[in-house]
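Me: I should like a close look at the backbone of a single part of this protein. Please take one loop that has unusual backbone geometry and then set it in the context of the chain.

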Amino acid sequence: MPTPLRHALLATAATAAFAALAVPVAARSPIPAPPWAPGDERGMANQIGPGTYARCAPHLAHPKARTYEVSQVRSGTMPMSPFAGNYAPKPKASATIPGTAHAFNAETYNENVEPGQQGTQFDALGHFAYFKSPWDGKGTPPLDSALYYGGFTQKDVKPTPDSPLLKLGMEKVPPIVTTAVLLDAKAHVGKGQMMKAGDVVTAADIQAMLKAQGLSRRGILPGDVVYIHTGWGELWKDPDTDKAYYSKAPGLSYGAALWLGQKRIVAVGLDTPFIDAVSDGMLAGKGAPAPDAPAGLPFSVHHHLLTQLGIHHVENARLDQLAKDRVWTSCTMILPLLEKGAAGSAIRPVAIGVPGATR
């Protein structure tokens, strides 16, 4: 067979295969649905697999696809979490080995550093637990009665203060490779302005954004990652001289968490440090949580998504460029470190999509 003809036939076959892949994905590669097996430690990440990979394929194969960084650059002068130890990488002097022609460089970290809770990071399911009733602040905290996702107890997950997570740790998280939906709350909720501290994105807001962005027909699919651009990432400054970014933030309402959970998303990511809304003064006990947060659960979104449904969080995501280019859908890849027993991980998520395209 002449080479040009062979190439033409291969191209035709590839086009047909791509078309078949792009349309009936759900029918050919169904997404697993709960309930999961007893003792499950993956939660909604059980949905990751051939079905989500197939949904990703059209984004990856599109000739105009671009790769977007969804991570902030990490450094010792970036905004720091008030809940975590300081993050202070220290460069080591260049070194060499006698008898070789090599020189190499490395760095060390300070004592009590918490890299998994700083910068763009990912929460393991064991990051959060809950009590059956709020602690009154008297006596010893009732940590032995804490409960986790899947009904695991404190004894199952973290039996001693210096124990790593024996269940629900970061090593249980699979590579997250799936489709993502970006919702531009800055544009639609903030009317073009950065959302304010304590403001919430509600379930009604999410539905309105889907409609405004031409995504009503697609909606949010099981196994999706949902990114929400609030504009708060504009306060991410390095060096962090004004200390504004981590002091407060907008976030999701409890009702939005309930709605997203019903959609069986795998993870939600915001350009904020908390996912939950944190009003001015709340971290110091002087501000109110989100208006619809249940009593005793100021971080109700963390509670519901992590402990009740097994849905992960991406915090401090960088979403401005995706929003600017109107990349409403994409293939996202989130690869947490396989840190055994860790409650969080530094990540470098990416989104691969087409500027100005809706799929």
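Reply: What follows describes one loop, then related sites elsewhere, and finally the chain as a whole.

The model is predicted. The part chosen is the loop between β9 (225-229) and β10 (251-252), in which P239 lies. The peptide bond that leads from D238 into P239 is cis, its omega being near 10°. K243 belongs to the loop between β9 and β10 as well. The phi of K243 is positive, near 55°, and K243 is not a glycine. The side of the question that concerns solvent is answered by a relative accessible area of 57% for K243: this residue is exposed, because the cut-off for that term is over 50%.

Two other loops offer points of reference. In the loop between β11 (267-270) and α8 (300-309) lies I275, a non-glycine residue with a positive phi of about 70°. I275 has a relative accessible area of 0% and is therefore buried, whereas K243 is exposed. A cis peptide bond also joins P34 and P35, with omega about 10°; P35 is situated in the loop between α2 (25-28) and α3 (50-61).

These loops belong to a chain with 9 helices and 15 strands. Of its 359 residues, 46% are buried. The radius of gyration is 22 Å, which agrees with the value near 21 Å for a compact globule of 359 residues. Along the principal axes, the C-alpha trace spans about 85 × 65 × 45 Å. Among contacts between residues at least 6 apart in sequence, 76% join residues at least 24 apart.

Definitions and conventions
Residues numbered from 1 in each chain as written. Predicted model: local features only at pLDDT ≥ 70, side-chain atom pairs only at ≥ 80, totals over all residues. Heavy atoms only, no water. Helix = DSSP H or I, 4+ residues; strand = E, 2+ residues; numbered from the N terminus. Rg over C-alpha atoms; globule rule 2.2 N^0.38 Å. Buried < 20%, exposed > 50% of the residue type's maximum accessible area, 1.4 Å probe, protein only. Contact = heavy atoms within 4.5 Å.
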